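Here's a friendly walk through a few spots worth finding in this structure. Keep the viewer open and follow along.

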Amino acid sequence: MSDAKWMEQLQGILDCSLRQFQLPVSDWRSNGTKTNRATKSSRSTSAIKVGEHMVGQEGQLWFALYADGDAITVLEIGKHQLSETEKRLLGWMISLLKSTQSAAASNVTESERYARELGAWITEQLELPDTQLSVPEHLMARGRLFSSMIPFLLVCEQADAAGSSYMELEKLLRSFLADDVMLVPLKQQEWLVLGPVSLIRDAQSEEREGDQEESVEESLASITLGLQEMLTSEWIGECHLAVSQPISPASSIIATTALLRETIHLGRTFHVGTNIHLPWLLHLERLLSTIPENQRAKFVEQALKRTDFFLEPEILSTLETFFSLDCNVSETAKKLYIHRNTLLYRLDKLKQETELDVRQFSDAVLIKIVLLLYKVTKRK
């Protein structure tokens, strides 16, 4: 069981806040209150034991999870009213859990152990109000995180994906992307993937019609689509992927992971059925997501003469195709396999029913906004 999982369960049992953090071993040995000072001399001469507890600086209860060199990972329990029996029971539970995890970790490679530690730090930072933007020195992975890398966020739909082998997924990613890809587990069914920027150069060097140069964003979208198709067929089934521009993980990994999480959330909210989510295509959705739900429905009702008109699948597919092709009538008709006059008839019908002409810029903007909001409010 992961640290995040058992901490979540423990938090529910104790009905209080929990926090995991690191501090120097010297602080652990010196920051106890008066109730701890009788045992300080023994602490200073013996190793810190997993499950050992003390009262921290502000009266919070601290439990030792594990020590690594000069640092110790501490579990802080935001509850003061615990009996000595309860404290000993918690210490025993933590000691037992950590020994079980250590036994399981004996078969874990060094790269996986590092990736899980990095993932735990990222997850912890994303849950804090004030995040530490740069990666701690002990997690720098011998300088790899200073290199420019392409960040992908992978979220799997199936619950049993959490039990999938890390090595199996890493092997698939290395075969499809590159040997030096980094796989970082975050929450259950969620992984951060860091690939080399050479993937973009490789994608741009492939033959294209008319030798038209592909943009970085187009290359990233193409790579992500191929990766999603491979994972869907070769790994665990349906999954969602988001990608952003290359970053230097050492300084941007927290902000980028937060952006990619938001991107997948927006994509799944506003574009149901889509599995590839690109942040540079979701600016309007990001803005609309800040509107409270009750105001979304009210806006749709006020903007449209007939809200039920958008229930017609033909109108929905026509508008989505029309907007995806930059409001080009000829290209839309071609994509929908209909005559140009048939498309014009549908747009005229839309104007008649809603008093909005999608061929006019201002009306097109309004219809685009209403369409996005309507799809969300309809599901609600």
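## A buried aspartate and its partner

D357 is buried, since its relative accessible area is 10% and anything under 20% counts that way. Keep in mind that you're looking at a predicted model. D357 pairs up with R359 in a salt bridge, and the closest N and O atoms of the two sit 3.1 Å apart.

R359 isn't tucked away like that: with 33% relative accessibility, R359 counts as partly exposed.

## A small network

Which residues are linked with D357 in a network of salt bridges? They are D348 and R359. So R359 also has a salt bridge to D348, where the closest N and O atoms are 2.5 Å apart. D348 belongs to helix 14, which covers residues 340-354, while R359 is in the loop between helix 14 and helix 15 (361-379), so this pair ties together parts that are 11 residues apart in sequence.

As for how much of D348 is on show, its relative accessibility is 39%, which makes it partly exposed.

## A bridge inside one helix

Now hop over to helix 5, which runs through residues 110-126. Here R116 makes a salt bridge with E112, and their closest N and O atoms are 2.9 Å apart. Why is this pair separated by about one helical turn? Because R116 and E112 are 4 residues apart in that helix.

The two ends of this bridge are worth checking for exposure. E112 is buried, at a relative accessible area of 8%, whereas R116 is partly exposed at 39% relative accessibility.

If you'd like to keep hunting for pairs like these, the structure holds 11 salt bridges. The ones described here are among them: R116 with E112, D348 with R359, and R359 with D357.

## A stop at helix 8

One last place to visit is S222, which you'll find in helix 8, residues 216-234. Is S222 buried or exposed? The answer falls in between: S222 is partly exposed, because its relative accessible area is 39% and the partly exposed range lies between the 20% and 50% cut-offs.

From S222, look across to A203. Along the sequence these two are 19 residues apart, and in space their C-alpha atoms are 7.9 Å apart.

Key. Residues are numbered from 1 along each chain as its sequence is written. This is a predicted model: local features need pLDDT of at least 70, side-chain atom pairs count only at pLDDT 80 or more; totals for chains, interfaces and linings use all residues. Side-chain values use heavy atoms; hydrogens and water are left out. Helices (H or I, at least four residues) and strands (E, at least two) are DSSP runs, numbered from the N terminus. Buried means under 20% relative accessible area, exposed over 50%, partly exposed in between (1.4 Å probe, protein chains only). A salt bridge is a side-chain nitrogen of Lys or Arg within 4 Å of a carboxyl oxygen of Asp or Glu.
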